[in-house]
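Biologist: I would like a close look at one part of this model before we turn to what lies around it. Please take your time and connect the pieces as you go.

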Amino acid sequence: MQLYEHAKNAYKALGVDTDKALELLAGKAISIHCWQGDDVTGFDSGAAGGGIQATGDYPGKARSFEELTADFAKAISFIPGKKRINLHASYAVFPDGKRVERDAITFEHFKPWVEFAREQGIGIDFNPTCFGHPRVKDGLTLSSPCDETRRFWIEHCKRSREIANAIGEALNDKVLCNIWIPDGYKNVPADRLSPRKRLQASLDEILAGALPHVIDCVESKVFGIGLESYTVGSNEFYVTYAASKKGVYPLLDNGHYHPTECTADKIPALLCFFDKIPLHITRPVRWDSDHVTLFDDTTREICMEIVRNNALDKVLMGLDFFDASINRIAAWAMGTRAVQKALLYALLMPHDALRKAQDAGDFTTVMALQEQMKTLPFGEVWAQHCKNESVPQDGEWLAEVRAYEENILLKR
């Protein structure tokens, strides 16, 4: 407590209330992706596909609903604050192994997830899974020129929205339902317009009529493996589409842009026009490689834009990484805690003073104050947050992960 009091006074001298920062951090939910636990395998096809690949062969991958939920529960026991779980439709649970196709899934296949969420006191978000399936024809789904292919994926997305709505109704909550497709071409296409027209028509049908418990969004990507030359669902397409449709939002994934683009800068740009900004945070290394998030400059700057623009309630924060080269539970814990640290770092900045200095043209003070904040006792405030939330401190939780690995993961 003495260390925290020292930190509290240091920040107070610059006009920052650490108690208020901790209160805001504790109340901000992070949507944690289920697919880190099984390398994006899912329960219905056994493959990622669509340019998605988790590299590595670390032992102990979850192979079932029971194993995946046990691992997720262990991971979130190390993570402070409010949590949600982000599901893909490929994680449908099939009683007695009686699988159905993706265009036939219903809420019944996700009731076990709802019960798990209730037990853990967490919310749920949802995604149709338009990849890793033999019905992805020539790398295309909702933009396919094949009517049969397109109809299959339209029906899958419709059912996914209905499932998301039923989950929200069951949990008395709003569920973010995000559409991402792998559609594109490896080589320069002969026709860029027609696929986008077909995608537009598919989305119009899928998103017809608002659902009371669903927040609809669409996710762009600059390129992927096998579609290096052309992506149908580009940033320009989806931002424009969402802007033209009431209740549809463009989802930002900071791995889905050119490496020189600043995703943080996109947040205040979209806040001018949208009341919500869905966000996936990952760590791209040279491309959309979905490395485990760290407490790094990019993550801090993203969180800085969320906090300085009073957008904690507007930006819906989720994670999207998958690493099969390290312990998967540790990956969940490290990645989520890193994002929460970045949020705390942003909450501890004297944004009003910085803004006033910038508006006055005093850029010297802006730079000097930003540099000063880097050496304040941030770690003591983070340690207090972990204590408040009754989770292990940095350096304490890894031993428990190792014990779980030895007793459970290595026996799979």
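Is H213 buried or exposed?

Modeller: This is a predicted model, and in it H213 is buried, because its relative accessible area is 19% and the cut-off for buried is under 20%. The residue is placed in the loop between α6 (193–206) and β6 (214–219). Leaving out residues up to four places away in sequence, H213 touches A164, N165, G168, E169, D173, K174 and V175.

From H213 we can move to helix α5, which comprises residues 147–171. Another residue to consider here is F107, found in the loop between β2 and α4. With neighbours within four places in sequence set aside, F107 is in contact with V114, I163, A166, I167 and A170. For one of these partners, A166, the separation from F107 is 59 residues in sequence, while their C-alpha atoms are 6.5 Å apart in space.

The helices α4 and α5 themselves also pack together, with an angle of about 35° between them and their axes 11 Å apart. In passing α5, α4 makes a right-handed crossing. On the α4 side the residues that meet the partner helix are V114, A117 and R118, and on the α5 side they are I167, A170 and L171. Sorted by class, the residues of this contact comprise five nonpolar, no polar and one charged. V114, I167 and A170 therefore appear twice in this account, since they belong to the contact of α4 with α5 and are also touched by F107, where contact means heavy atoms within 4.5 Å.

Two other loop residues deserve a careful look at their backbone. D138, in the loop between β3 (123–127) and α5, is not a glycine, yet its phi is positive, near 55°. The residue counts as exposed, because its relative accessibility is 65%. D39 likewise has a positive phi, of about 60°, although D39 is not a glycine, and its place is the loop between β1 and α3. With a relative accessible area of 13%, however, D39 is buried.

That loop brings us to helix α3, which runs over residues 65–76. Its twelve residues should span 16 Å at 1.5 Å a residue, and because the C-alpha atoms at its two ends are 16 Å apart, the expected and modelled values agree. The buried residues of α3 are F65, E67, L68, T69, D71, F72, A75 and I76. Among the elements that cover these buried residues are β1 (30–33), β2 (83–88), α4 (111–120), α10 (328–347) and α14 (397–407).

One of those covering elements, α10, has a helix partner of its own. The axes of α9 (residues 297–308) and α10 come within 8 Å and cross at roughly 50°, which means that α9 is oblique to α10. The crossing of α9 past α10 is right-handed. From α9, the residues T299, R300, C303, M304 and V307 meet V339, A342, L343, Y345, A346 and L347 of α10. Counted by class, this contact has nine nonpolar, one polar and one charged residues.

A further helix pair is formed by α1 (residues 2–12) and α13 (residues 378–388), which pack at an angle of about 125° with their axes 8 Å apart. That angle makes α1 oblique to α13, and α1 passes α13 in a left-handed crossing. L3, Y4, A7 and Y11 of α1 make this contact with F378, E380, V381 and Q384 of α13. By class, the residues involved are six nonpolar, one polar and one charged.

Helix α1 also holds A10, which counts as partly exposed because its relative accessibility is 25%. Apart from neighbours within four places in sequence, A10 is in contact with L376 and P377. The C-alpha atoms of A10 and H280, which are 270 residues apart along the chain, are separated by 33 Å.

To return to your request, H213 is buried at a relative accessible area of 19%, and its contacts include A164, N165 and G168.

Note on methods. Residues are numbered from 1 along each chain as its sequence is written. This is a predicted model: local features need pLDDT of at least 70, side-chain atom pairs count only at pLDDT 80 or more; totals for chains, interfaces and linings use all residues. Side-chain values use heavy atoms; hydrogens and water are left out. Helices (H or I, at least four residues) and strands (E, at least two) are DSSP runs, numbered from the N terminus. The expected span of a helix is 1.5 Å times one less than its number of residues. Buried means under 20% relative accessible area, exposed over 50%, partly exposed in between (1.4 Å probe, protein chains only). Axes are lines fitted to C-alpha atoms, for helices over the stretch in contact, and angles run from 0 to 180 degrees between N-to-C directions. Angles under 35 degrees count as roughly parallel, over 145 as roughly antiparallel, 65 to 115 as roughly perpendicular and the rest as oblique. A crossing is left-handed if the near helix is turned anticlockwise from the far one by less than a right angle, and right-handed if clockwise. Ala, Val, Leu, Ile, Met, Phe, Trp, Tyr, Cys and Pro count as nonpolar, Asp, Glu, Lys and Arg as charged, and the others, Gly among them, as polar.
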